[in-house]
Amino acid sequence: MKAATIRTKTAALLTMGVLALSTGFLLLDKQEFSEHENRYLEKFPEISWERIESGEYMKDLNSYLCDHFPLRDFFIGMKSKAEIAVGKREINQVFIAGDGYLIENYKKPENTEQIAGIFKAFGEKEDVSQAEIRLMLVPTASYIYREKLPAFARMESQMETARQIYKESGLPFIDCSEELAAHKEEQPLYYRTDHHWTTYGAYIGYLAYCREMGLEPVKLEELEAETVTEDFKGTIYSKVNDYTRPGEPITIYKNPADQLTVYYEDTKETTDSLYNLDYTRQKDKYSLFLNNLHPLIEITNETASTDRELVVVKDSYANSMVPFLTRHFKKIYVFDTRYYKWGPSGFVREHPGVTDILILYNMNTLDTDLGVRGIF
């Protein structure tokens, strides 16, 4: 009798739970964008007989239901937390590393020779022969902080691949890995929840650039530091979905001696700042550097120490390093070749004042970055 009563109560509770979740699904507002995962959620699928017969409708409907399940973020976060609690040390190709770091797994690029060939072809163009070219391939946290990785983690050496690309491209290069390794105990060089280097890491990269180019670097204490947010949770945080992890600070540095004009070619916007602090109120806070993504940015510094002009062909790692370079160049042209469709080599030909070119990419996304294919 008692067993039957327990079964009856259990069934009633389950029924109430299902009804509550169903009611919640119907009544709760549906989000369009997940701040935690930094992506747009599935929309209610379009219905048609053709899509029903092919099975596409039910597939899309299942994705929609999963994306809009009541308390979805709570349950996803609890699942990740439980996996970590029982000892799981890799979730969605991300290692749960020491000292609170989430570090993406690194796999050797499949297109190393092709990438090196693209860099080589760019360096051989007559259009860019007037300028001093340097190639900088930046290692990520998986290389610099490899001692923090779980014991089972075995990854290819990023710098071994970088050295191969340096050799096959034939371009003069800047290896910043030794500088980064030498300073890794001073301040965090990479964010714990994001794949980018921190502003301090970018400063160390800047020191390596100055060393190679014979420039006198600006000392960090000469710059005005400002922590613009304490709650940055980056792209790797979104992959692991452990929503209990704390945010971390983003610090920017301004040179009070600079007199800047920053022009965004696509939006025709002009400003005097290298930072858009509106992004501190959004999930994608790293985009505050250089105001996110733009095909071409023209930076003029009236108080630069030289009349040299620099072209930067880059991924988003460069966005936090460019502010340190403004002291040394009258003009800096920043290209994101994923979106700039006319090729930086032609631009250099039309701008004979360009004296220097820096190609800067991080090693983790080099293989998949479509911008590399746009360097011509």
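A residue counts as buried under 20% relative accessible area, as exposed over 50%, and as partly exposed in between. Keep that scale in mind, because isoleucine 52, with a relative accessible area of 34%, falls into the partly exposed class. One caution before going on: what you see above is a predicted model.

Let's stay with isoleucine 52 for a moment. This residue sits in helix α2, which covers residues 49-54. On the surface, Ile52 joins Ile47 and Trp49 in a nonpolar patch, and the three together offer about 370 Å² of accessible area.

Now step back to the whole chain. The protein has 376 residues, and 51% of them are buried. Its secondary structure adds up to 13 helices and 14 strands. The accessible surface comes to about 19000 Å², with 53% of that belonging to carbon and sulfur atoms. Take the contacts in the chain with a separation of 6 or more: 71% of them are between residues 24 or more positions apart.

Strand β6 is a good place to look inside. It spans residues 132-138, and six of its seven residues are buried. Its partner is strand β14 (residues 356-362), which runs parallel to β6 and is joined to it by seven bridges. Within this pairing, leucine 135 stands opposite isoleucine 359 of β14. In a regular strand, side chains alternate between the two faces of the sheet.

Loops can hold covered residues too, and serine 287 is one to check. Serine 287 lies in the loop between β10 (269-271) and β11 (296-301). At 6% relative accessibility it counts as buried, because the cut-off is under 20%. Setting aside neighbours within four places in sequence, serine 287 is in contact with Tyr279 and Asn292.

What about the cysteines? Cysteine 176 has 0% relative accessibility and counts as buried, and cysteine 210 is buried as well, at 2%. As for disulfides, a search of the whole structure finds zero.

Salt bridges are another matter: the structure holds 17 of them. One joins the side chains of aspartate 99 and lysine 148, at 2.5 Å from N to O. Aspartate 99 is in the loop between β4 (94-96) and β5 (102-104), while lysine 148 is in the loop between α6 (141-144) and α7 (158-169), so this pair ties together parts that are 49 residues apart in sequence. How covered are the two ends? Aspartate 99 is exposed at 53% relative accessibility, whereas lysine 148 is buried at 17%.

Another salt bridge brings the side chains of aspartate 127 and arginine 349 together at 2.8 Å, N to O. This pair links distant parts of the chain, 222 residues apart: aspartate 127 is in the loop between α5 (112-123) and β6, and arginine 349 is in helix α12 (residues 344-350). Arginine 349 is partly exposed, with a relative accessible area of 47%.

Finally, look at arginine 211 and glutamate 212, whose side chains meet in a salt bridge at 3.7 Å, N to O. Both ends are partly exposed: arginine 211 has a relative accessible area of 43%, and glutamate 212 has 31%. Which other residues belong to the network of salt bridges that links Arg211 and Glu212? They are Glu132, Arg134 and Glu179.

Key
Residues are numbered from 1 along each chain as its sequence is written. This is a predicted model: local features need pLDDT of at least 70, side-chain atom pairs count only at pLDDT 80 or more; totals for chains, interfaces and linings use all residues. Side-chain values use heavy atoms; hydrogens and water are left out. Patches are made of residues with over 30% relative accessible area and no salt bridge: like charges are joined within 9 Å, nonpolar side chains (Val, Leu, Ile, Met, Phe, Trp, Tyr) within 5 Å. Accessible areas come from the Shrake-Rupley method with a 1.4 Å probe; for residues, only the protein chains shown count as cover. A salt bridge is a side-chain nitrogen of Lys or Arg within 4 Å of a carboxyl oxygen of Asp or Glu. Helices (H or I, at least four residues) and strands (E, at least two) are DSSP runs, numbered from the N terminus. Buried means under 20% relative accessible area, exposed over 50%, partly exposed in between (1.4 Å probe, protein chains only). A disulfide is a pair of cysteine sulfur atoms within 2.5 Å. Contact means heavy atoms within 4.5 Å. Two strands pair if DSSP finds at least two bridges between them.
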